[in-house]
Amino acid sequence: ETSASRIVGFTVINGSPNGAGGAFFFNSASATVENCRMMGNFGGPGGAISVTQGATPRFVNCIIEENVSAEPGGAIHVSFASPTFDNCTIRGNRSSVNSGAAAIFSAGTTTFNSCLVTGNAAPDGGAFSVRFGATLTVFECTVAGNEASGQGGAVRIDNGALTFQNS
């Protein structure tokens, strides 16, 4: 898929692949996912979305809620990729490992613009976990009410970079 590809107006509920991304898996691919809802999915890593190997998808006006992963990223897992999330709601997601909302790993830059990130939970990094040289940029977002039983109720950073601006 190229950046010209568009996925618009879909609802993905209770997706459960035998692997990554309960709703969407982008590997060296790009597309715009717009006005979609991902709810109650189970994948690992990434309960709803997994983005890897140079992929650059853009998610616009999406609701990503109540997804679960037994691996990193209750909602979203990113590794060696650079997705963008614009005006999305990411709420009520869970990981039993780390990153209730998004696990941002291994190079690349993940950007959240004007998003609501709330009510997510994991043992470490209730909302976000940024590790292994990855970069996370959060611009004009509300990040509130996320929980970690261990480290980083909002964000856990290990050898990564983080920018919060007007959030």
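Two strands count as paired if DSSP finds at least two bridges between them. With that in hand, let's look at this predicted model, starting at one end of a sheet and then moving to a buried asparagine.

**The sheet**

In β20, T118 has A144 as its bridge partner. T118 sits in good company: β16 covers residues 116–118 and is joined to β20 by three bridges, with the two strands running parallel. Both belong to an open sheet of six strands, ordered β2-β5-β8-β12-β16-β20 and paired in parallel. At the edges you'll find β2 (11–13) and β20 (142–144), each pairing on one side only. On average, neighbouring strands in this sheet are turned by 5° against each other, direction ignored. As for what holds such an arrangement together, strands of a sheet pair through backbone hydrogen bonds, either parallel or antiparallel.

**N93**

Now for the asparagine. N93 lies in the loop between β12 (89–91) and β13 (94–95), and β12 is itself one of the six strands in the sheet order. Is N93 buried or exposed? It's buried, because its relative accessible area is 0%, and the cut-off for buried is under 20%.

The N93 side chain has polar contacts with two backbone oxygens:

| Side chain | Partner atom | Distance |
|---|---|---|
| N93 | backbone oxygen of I64 | 3.2 Å |
| N93 | backbone oxygen of R91 | 3.2 Å |

Leaving aside residues up to four places away in sequence, N93 touches I64, E65, E66, N67, G74, A75, G100, G119, N120 and A121. So I64 turns up both in that contact list and as a polar partner of the N93 side chain.

Technical notes
Residues are numbered from 1 along each chain as its sequence is written. This is a predicted model: local features need pLDDT of at least 70, side-chain atom pairs count only at pLDDT 80 or more; totals for chains, interfaces and linings use all residues. Side-chain values use heavy atoms; hydrogens and water are left out. Helices (H or I, at least four residues) and strands (E, at least two) are DSSP runs, numbered from the N terminus. Buried means under 20% relative accessible area, exposed over 50%, partly exposed in between (1.4 Å probe, protein chains only). A polar contact is a pair of N or O atoms within 3.5 Å; within protein, one must be able to donate a hydrogen and the other to accept it, and residues adjacent in sequence count only if both atoms are side-chain atoms. Contact means heavy atoms within 4.5 Å. Axes are lines fitted to C-alpha atoms, for helices over the stretch in contact, and angles run from 0 to 180 degrees between N-to-C directions.
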